[in-house]
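Let's take a walk through this protein together, from the whole chain down to a handful of residues. Keep the viewer open while you read.

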Amino acid sequence: MKPLEPRCLDLLQSPLNRQVADYWFKLVEGECAAWPDKAEIDPVALRNVLPHLCLIDVQPDGALSYRLVGEWVRGLGVRRGQIVEDRHNRCGNFQSCEVLYHCLEAGLPLWQRYGYGQEDGDILQDEGAVTMEALVLPLTARPESSRIGFLLTSGDFCKTVSECTL
């Protein structure tokens, strides 16, 4: 997992993820270290990528659950209202629990690439192996709050490992 910075958006292989990250950073512009509020997210502006997005509720006790789940993500088995496994258990979802909790602890937008569907999460170097690229972007619960109340996530497959620069 790596911190996501505006100057590094070209490292993202997925055009979909670049669009989401660019949109999120435009919401951050002009704010002093304040993350966007969930209410600032305009679904119309993200209509092309909505199937790949999830909105995850962050409870005050740190519990996570899926509030909104895009159609593409539902195809991977993630459902609205589903509780996200804790960091010590294996997530059976398209994103790493570790990166979700790291985003909360560090208070930073993050991205990562990993092997999808591999039991150990290692990227296979075989021809045609599938790699997932995922973003985790913090959102506040309300404009006057600095507490991360939601995580906006985006995921996309790279076609093969050879097409992804790790």
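Accessible areas here come from the Shrake-Rupley method with a 1.4 Å probe, and for residues only the protein chains shown count as cover. On that basis the accessible surface of the protein comes to about 8800 Å², with 49% of it belonging to carbon and sulfur atoms. Before going further, a word on ground rules: this is a predicted model, so local features need pLDDT of at least 70 and side-chain atom pairs count only at pLDDT 80 or more, while totals for chains, interfaces and linings use all residues. Residues are numbered from 1 along each chain as its sequence is written, and side-chain values use heavy atoms, with hydrogens and water left out.

Now the overall layout. The protein has 3 helices and 6 strands; these are DSSP runs numbered from the N terminus, where helices are H or I with at least four residues and strands are E with at least two. Read along the sequence, the order is β-α-β-β-α-α-β-β-β. Of the 166 residues, 48% count as buried, where buried means under 20% relative accessible area, exposed means over 50%, and partly exposed is in between (1.4 Å probe, protein chains only). A contact means heavy atoms within 4.5 Å. Among contacts between residues at least 6 apart in sequence, 53% join residues at least 24 apart.

Helix α1 covers residues 15-28, and it is a good place to stop for a while. The expected span of a helix is 1.5 Å times one less than its number of residues. For the 14 residues of α1 that gives 20 Å, and the end C-alpha atoms are 20 Å apart, which agrees. At the N-terminal end, Ser 14 acts as a cap, with a side-chain oxygen 3.2 Å from the backbone nitrogen of Leu 16. Which residues of α1 are buried? They are Leu 16, Asn 17, Val 20, Ala 21, Tyr 23, Trp 24, Phe 25, Leu 27 and Val 28. These buried residues pack against β2 (53-58), β5 (131-140) and β6 (148-158).

Two other residues of α1 deserve a look. Arg 18 counts as partly exposed because its relative accessibility is 30%. Setting aside residues up to four places away in sequence, Arg 18 touches Leu 9, Asp 10, Leu 12 and Gln 13. Its side chain also reaches the backbone oxygen of Gln 13 at 3.4 Å. That is a polar contact, meaning a pair of N or O atoms within 3.5 Å; within protein, one must be able to donate a hydrogen and the other to accept it, and residues adjacent in sequence count only if both atoms are side-chain atoms. Arg 18 and Leu 135 are 117 residues apart in sequence, yet their C-alpha atoms are 9.4 Å apart. Gln 19 is in α1 too, and it is partly exposed because its relative accessible area is 30%. With residues up to four places away not counted, Gln 19 touches Ala 45, Asn 48 and Val 49.

Move on to strand β3, where you'll find Val 69. Is Val 69 buried or exposed? It counts as buried, because its relative accessibility is 11%. Beyond its neighbours within four places in sequence, Val 69 is in contact with Leu 53, Cys 54, Arg 74, Val 78, Arg 79 and Arg 80. The C-alpha atoms of Val 69 and Leu 50 are separated by 8.7 Å, with their positions 19 residues apart along the chain.

For a contrast, try Gly 75, in the loop between α2 (71-74) and α3. Gly 75 is exposed because its relative accessible area is 66%. The C-alpha atoms of Gly 75 and Pro 51, 24 residues apart along the chain, are 9.7 Å from each other.

Last comes helix α3, residues 97-106, whose buried residues are Cys 97, Val 99, Leu 100, Tyr 101 and Cys 103. What covers them includes β2, β3, β4 (110-115), β5 and β6. Right after α3 sits Gly 107, with a positive phi near 65 degrees.
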